[in-house]
Amino acid sequence: MAQSMRPNTLLRNLNAKIAAMPMIITVLVIFVGCTIWTVVHSFTKSRMLPKLEFIGFDQYERLWGTSRWLISIENLFIYGICSLVLSLVIGFVLAALLDQKIRFENTLRSIILFPFALSFVVTGLIWQWILNPDLGIQSVVRDLGWTSFAFDPLYNPDIVIYGVLIAGIWQGSGLIMVLMLAGLRGIDEDIWNASRIDGIPKWKTYLFIVIPMMKPVFVTAIVLITSGIVKVYDLIVAQTNGGPGIASEVPAKYVMDSMFLKQNLGQGFAASTMMLLCVLIILIPYAYLEFGGKRNGK
Amino acid sequence: MVNNHIVPNGPKPKSIFTARNIMLYGTLFVVAIYYILPLYVMIVTSLKGMPEIRLGNIFAPPLEVTFQPWVKAWSTACTGLNCDGLSRGFWNSVQILIPSVVLSIIIASVNGYALVNWKFKGSEVFFAVLLFGAFIPYQVMIYPIVILLREMGLMGSLWGLVLVHTVFGMPILTLLFRNYFSSVPEELFKAARIDGAGFWGIYFRIMLPMAVPIFVVAMILQVTGIWNDFLFGVIYTKPDIYPMTVQLNNIVNSVQGVKEYNVNMAATLLTGLVPLVLYFVSGKLFVRGIAAGAVKG
Amino acid sequence: MTVMKSLLCAGALLTATCASATELEVTHWWTSGGEAAAVAEFAKAFDATGNTWVDGAIAGGGTTARPVIVSRIIGGDPMHATQFNHGRQAEELVEAGLMLDLTDIATAEGWADIIHPKGLLDSCTVDGKIYCVPVNIHSWQWIWLSHKAYKDAGAKVPTNWNEFVASAPALEAAGKVPLVVGQQGWQTSGAFGVINVAVGGVDLWKKINVDKSAEAAASPEMTKVFEAADAARKMSKNSKVGDWNLATAMVIKGEAGGQIMGDWAQGEFSVANQVAGKDYSCLPGLGVNEVISTGGDAFYFPKNKDPEITKAQKQLASVMLSKATQVAFNLKKGSLPVRGDIDISAANDCMKKGLKILADGGILPSGDQLLSADTTGQIEDLFVEFWNDPSMDIKTAQARYVKLIKLAD
């Protein structure tokens, strides 16, 4: 009897299950399988080739004793927080400005959005050039007569990460702006009318009425921005290659260099496991709010 | 910021030189410069000769326009012994792009549809893990995927790369389609079920035709992402099928005595041309598509 | 492609050329002007055997190329021949049985007798079998000086490191960078290694790098080396280039006084039509301790199931070592040939200096042969940080260096 029951539950939604097979396989094999594989190998002393010779937490001990890794983490935090805040603020303010029934809206929107079509490699190269003190902004201003003018973020270890930030924001804020604009257009006209009648200042309406209504948009935007931040690699390689010195190193680059340049897979895997852990720490509360909350609501 | 001016209903006021407008357009003008300046520098530089670049500043328009850097970038720039510029990479990129975009969008749209309308046991869990995948640094998975592709015999082949792109595009695209389909009224789906339509019937006859705006968004995102990819292209393929970005890196990093900034910029622009044109042409559709579904969380 | 070719060959009734014409894909990271000219010599010589060299250059140096090479070999879809720095970079790939054993051809051609110094072949040998072909000797132990820069500054071209340091203020006063150092890890740690040999002496260097003695690394003699390196970083504080050949270009143009760089820099000078002794000078061992380190490049041949390809791989190995190719290649590359039995009369001033030191036995094994890629990488990280962070004092740097040597393998 039990045997005849089983196929029933299995067969229910069979088409949907077949259709979802690519997703299920991807999740199990790639996202779960490969992640476990990497975590397991982070406890080994794999060098150029993966080997299962376990050495406990040695790789992690070395990782946290390496100044380059510590700088990478610090950079990721600075870059991450600035990039998240600035992208959201700039994206929202620009969207609000474009939403003022202005002329040339299409042109301006295209101008702000187009950098998103360019790769990080291209973004890095072009900003490296504009920020080059001998060629770019600094030299132009000096040629105009202000000879003591100094603007060389990419050559100053203390601020280099902000030089990268300028490029990162340039590339990514357009998409956020479009998302925000779409969100603003979805706000009912009546809300504006109501707040106008009540004499509520416009900035207050934005801050206390409109933004809370746009929560889903902000969630999507935050997902897009943060998933990009953890992965920042190409931009650094193209713009500064981690320099000057090791001042603009990031974790993803540490992973790549450990794995392939130093031929120490174990160390690279340990570093990537730490990156994964960071992601989990950020994501679990979010997932709890998103999925746990919904289930309760329904 | 913007003052508490009351925006009047009906037609716009005649005068455009109000304080509000000057501030608004002034701000937008400055913003526009920040965004457009790098593109301007790229174009201007790519049209200059090397002597002019060495002397002048990077913002000055070319005194003497030359298209030679463009020709060189496209057809004669050298990497090692191969002196055929970007031209080889262009067709490779197209060959990689088309199957990757088509496959990833088909799979993601079916995923989204199944996740909303045909929930099965564990489907939400799979989706949560998939979404989590959007945050996993690629570096974590590069190595095991090399091994997987080897076992499948796809390492170094075009289809191996297509598969990798499909997998890594899946999280965000599935999220897009899931959000879109969940905004479709459930009654439509129920009515079709009562009429006896099955999984695929409903997908093709009802969902697909309604989902055009979100397909446009997905397509634009994927075309850009895949066209601009460097990491997967260089690791999972071999020289015969290197995409254009890899050739770009080769040209930009092959320094023969002096850095030829004009050729580099021309090469950069040529590589970015496909996604750029796509954005300028379909920018409106993109915004409409996002408004239609992507923002509903 | 292969199908097409075999069809064509069948049509031509298997003529001799068709039977042996095999395409070999060769990966390397030689893309600068001088390097590409040198590699073209290999391709020309190999094509002359009736086979075809398919160039798989990857720009961006070993940093970009090695991940690609390694993942393709591990991924089971290897190129047919690939460049590595000989030494320990490919060790594990050989041990995993992924590389072609060249012992038979090496014995037949008597490589053991013709390759000089012997250490080169040893680093290709694992368990008595030979897995790679050394193609050149590159020595790090050089400083390149621009005559124009010194003339502009009204100073005499120095003949050793101490004079070089003494002349730095004059150059700075003339708006030149006294010492240009490309800001990449391998360049800064390479420059440090050269200063180490020159200032600290060969024995100290060997104690640290061969015996991995942490005591030697912590010794007061080594502190002197760090002091010299500190002076060097101060002289290079205004150099803002990354790639080594852009740094060399500054020396060529007279914008910089000198550059500590391996002899591959010579290729750039010859591409720019500069003459050694007239436009530029070279000081082996910084003019203090004249030695040649025997690093260099080698080619490995990943295993392939197709016997035709294996045959062509061995042909390529033999071509790379042949007298004519060695001369042509090394003249373009600016490196020294790996054979002791050939006469390079066309060699320039600097190369002759190098050949003489080599013949006199002033030989130093290269770091690549002694330290694992892991240790090398960590040392590179240390020195790129040291070089760029003026706040890192000598004591801290030395302490960290000692720690790395202690853990070195």
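Two residues are in contact if their C-beta atoms, placed from the backbone, lie within 7 Å. With that in hand, here are some exercises on this predicted model.

**Exercise 1. Find what share of the contacts in chain C with a separation of 6 or more joins residues 24 or more positions apart.**

Start with the contacts of chain C that have a separation of 6 or more; residues 24 or more positions apart account for 77% of them. Next, turn to burial: 56% of the 409 residues in chain C are buried. To finish, list the secondary structure, which comes to 22 helices and 13 strands in chain C.

**Exercise 2. Work out whether the radius of gyration of chain C agrees or disagrees with that of a compact globule.**

First take the expectation: for 409 residues, a compact globule would have a radius of gyration near 22 Å. Then look at chain C, which has 22 Å, so the two agree. For the extents, the C-alpha trace of chain C spans about 75 × 45 × 35 Å along its principal axes.

**Exercise 3. Divide chain C into its domains and describe where they touch.**

Step one is the bounds: domain 1 covers 22-138 + 295-362, and domain 2 covers 142-293 + 364-407. Taken over C-alpha atoms, the centres of these two domains of chain C are separated by 27 Å. Step two is the contact, to which domain 1 of chain C gives 25 residues and domain 2 of chain C gives 23 residues. On the domain 1 side, α3 (33-47), α18 (323-333) and α19 (349-359) of chain C each supply at least two residues. The largest share there, 6 residues, belongs to α19(C). Step three is the chemistry of that domain 1 side: 4 nonpolar, 15 polar and 6 charged residues.

**Exercise 4. Which element gives the largest share of the side of chain C that touches chain A?**

Begin with the counts: 20 residues from chain C meet 19 residues from chain A. On the chain C side, two or more residues come from each of α4 (61-74), α5 (91-95) and α21 (373-388). The largest share, 8 residues, is that of α21(C). By type, this side of chain C holds 8 nonpolar, 5 polar and 7 charged residues.

**Exercise 5. Decide where in chain C the pLDDT is below 50.**

Check the whole chain before its parts: chain C has a mean pLDDT of 85, with 94% of its residues at 70 or more. Now go to residues 1-19 of chain C, where the pLDDT is below 50. Beyond near neighbours in sequence, this stretch has 5 contacts in the model. Where pLDDT is low, the predicted coordinates should not be read in detail. Lastly, note the scores of the model, ipTM 0.81 and pTM 0.85.

How values were computed:
Residues are numbered from 1 along each chain as its sequence is written. Chains are lettered from A and ligands numbered from 1 in the order in which they are written. This is a predicted model: local features need pLDDT of at least 70, side-chain atom pairs count only at pLDDT 80 or more; totals for chains, interfaces and linings use all residues. Helices (H or I, at least four residues) and strands (E, at least two) are DSSP runs, numbered from the N terminus. Ala, Val, Leu, Ile, Met, Phe, Trp, Tyr, Cys and Pro count as nonpolar, Asp, Glu, Lys and Arg as charged, and the others, Gly among them, as polar. pLDDT is the predictor's confidence in each residue, from 0 to 100. The radius of gyration is taken over C-alpha atoms; the globule rule is 2.2 Å times the number of residues to the power 0.38. A residue is buried if 20 or more other C-beta atoms lie within 10 Å of its own, exposed if 12 or fewer, and partly exposed in between; C-beta atoms are placed from the backbone. Domain bounds come from an automatic or database domain assignment.
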